[in-house]
Amino acid sequence: MSDTNHSHSTHDAEEDVRNRDIKIYVNGDIVHRDEAKVSVYDSGFMLGDGMWEGMRLYNGKWAFFDEHMDRLYNSCKSVSIDIGLSKEELLEAMNRTAAANDMTEDAHCRLMITRGRKAKPFQHPGLSRFGPTIVIIVEHSKPKSSLHSTGIRLATVPQVRGLPMSQDAKYNSHSKLNCVIACLQAEQAGADEALMLDPNGFVNTTNACNFFIVRRGEVWTSTGDYCMNGVTRQKVIDLCRQDGIPVFEKNYSLYEAYGADEAFLTGTFGAQTPVASIDGKAIGTGERLVMARLQQLYKALVRENTAG
Ligand SMILES: Cc1ncc(COP(=O)(O)O)c(C=O)c1O
């Protein structure tokens, strides 16, 4: 199979055998991954009733920790999940997990907070009577270099982003069924990931990352109304403004996306990942000068944010 046909996803990491023996935090205990378990009565397992954050470790520090905590605590407050720990206590738990695994760099954390174990296998949130379930998985994680050389192939899909009064896309909830369905549809169309539209047909986001295009030197992304309020998305917008790159949060259609000079995705894991094609149409010439500049600026910002 040629490299350009190679199928991958935005969260492909280089194989690392050390991940077979990592230690995982489960409600205060740090145990081998084979022993890390939650109840089948857990509301996260039963209903997707929980919130999570993905964060990366650089130089022994969690990049943009405060921004991730703001989103997490806001989400949990909105759905009345009491985390029961302060931000400082969560930081201590994450640091303890990283230290137990000897990690200071190239590590990715999935911090998960669910409404906790239920007394009975039914939906009512009041049945979660035992406090939240908190799990911290930190894996050795380096994005695959092929993501950057080849780029991601996107397909637009029938599944759309919802209105905020159904399930607000700003919730980083355990239930990602909307996104999972979109990803399946993209795979069935022969692409790596899904490009999702909003209820009005404007280009919105992908199933797992935020989406940007570059046209005639301008950076465009959706209004933000139907997508995850991505930490990386906001950093890229801020960096454009600081660097004098025109940036717009606006409605645009596939017409403008297909005809873009560059397109890229943003997310904590991959930072900025190039898009090779949308619906089989190659994006630009493959020269990605604006994205490359933003990658450089973002790298410097991460270093600054995680400096000793
Ligand atoms: C649907 C979706 N979009 C975008 C993102 C990227 O957000 P961030 O930049 O905060 O990692 C995520 C990450 O959780 C996501 O789940």
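Two residues are counted as in contact here if their C-beta atoms, placed from the backbone, lie within 7 Å. The model described is a predicted one.

## Surroundings of Ala-186

Leaving aside residues up to four places away in sequence, Ala-186 touches Leu-154, Ala-155, Val-157, Ala-191, Glu-193 and Ala-194. One of these partners, Val-157, is 29 residues from Ala-186 along the chain, yet the two C-alpha atoms are separated by 6.2 Å.

Ala-186 itself lies in helix 6. A residue is called buried if 20 or more other C-beta atoms lie within 10 Å of its own. Ala-186 has 25 such atoms within 10 Å, and is therefore buried.

## Helix 6

Helix 6 covers residues 177-188, and its twelve residues should span 16 Å at 1.5 Å a residue; the end C-alpha atoms are 16 Å apart, so the two values agree. Ala-186 is one of the buried residues of this helix, and the others are Cys-179, Ala-182 and Cys-183. These buried residues lie on the same side of helix 6, because they cover an arc of only 100° around its axis. An α-helix has 3.6 residues a turn, so residues three or four places apart point the same way.

Leu-177 and Gln-188 are on the other side of helix 6 and are exposed. The cover over the buried residues of helix 6 includes strand 7 (152-156) and strand 8 (193-197). Just after the helix, Gly-190 adopts a positive phi of about 85°.

## Two domains

The protein chain is split into domain 1, residues 16-140, and domain 2, residues 145-305. Taken over C-alpha atoms, the centres of domain 1 and domain 2 are 26 Å apart. Where they meet, 20 residues of domain 1 are in contact with eleven residues of domain 2.

On the side of domain 1 that touches domain 2, strand 3 (50-58), helix 2 (65-78) and strand 5 (107-114) are the elements that give two or more residues. Strand 3 makes the largest contribution to this side, with eight residues. By class, the residues on this side of domain 1 are seven nonpolar, eight polar and five charged.

## Helix 9

Helix 9 runs over residues 289-305, a length of 17 residues. From first to last C-alpha, helix 9 reaches 24 Å, close to the 24 Å expected at 1.5 Å a residue. Its buried residues are Val-290, Met-291 and Leu-294. They sit on the same side of helix 9, because the arc they cover around the axis is only 85°.

Leu-289, Ala-300 and Arg-303 are exposed, on the face of helix 9 turned away from its buried side. Among the elements that cover the buried residues of helix 9 are strand 10 (210-215), strand 11 (218-221), helix 7, strand 13 and strand 14.

## Around the ligand

Helix 7 and strand 13 also appear in the shell around the ligand: helix 7 (231-243) and strand 13 (262-267) each supply at least two of its residues. The largest share of the shell, three residues, is from helix 7.

There are 15 residues around the ligand, and those that come nearest are Met-228, Gly-230, Val-231, Thr-232 and Thr-268. The shell contains five nonpolar, nine polar and one charged residues.

## Positive phi at two aspartates

Asp-106 takes a positive phi of about 50° although it is not a glycine. Asp-106 is placed in the loop between helix 3 (87-100) and strand 5. It is partly exposed, since 16 other C-beta atoms lie within 10 Å.

Asp-279 is not a glycine, yet it has a positive phi of about 50°. Its place is the loop between strand 14 (271-278) and strand 15 (281-282). Asp-279 counts as partly exposed because it has 15 C-beta neighbours inside 10 Å.

## Ser-146 and His-8

Ser-146 belongs to helix 4, which covers residues 145-150. With 13 other C-beta atoms within 10 Å, Ser-146 is partly exposed. Ser-146 and His-8 are 138 residues apart along the chain, while their C-alpha atoms are separated by 8.7 Å.

Technical notes. Residues are numbered from 1 along each chain as its sequence is written. This is a predicted model: local features need pLDDT of at least 70, side-chain atom pairs count only at pLDDT 80 or more; totals for chains, interfaces and linings use all residues. Domain bounds come from an automatic or database domain assignment. Helices (H or I, at least four residues) and strands (E, at least two) are DSSP runs, numbered from the N terminus. Ala, Val, Leu, Ile, Met, Phe, Trp, Tyr, Cys and Pro count as nonpolar, Asp, Glu, Lys and Arg as charged, and the others, Gly among them, as polar. The expected span of a helix is 1.5 Å times one less than its number of residues. A residue is buried if 20 or more other C-beta atoms lie within 10 Å of its own, exposed if 12 or fewer, and partly exposed in between; C-beta atoms are placed from the backbone. The arc is that of the directions from the helix axis to the C-beta atoms. A residue is near a molecule or strand if its C-beta atom, placed from the backbone, lies within 6 Å of it.
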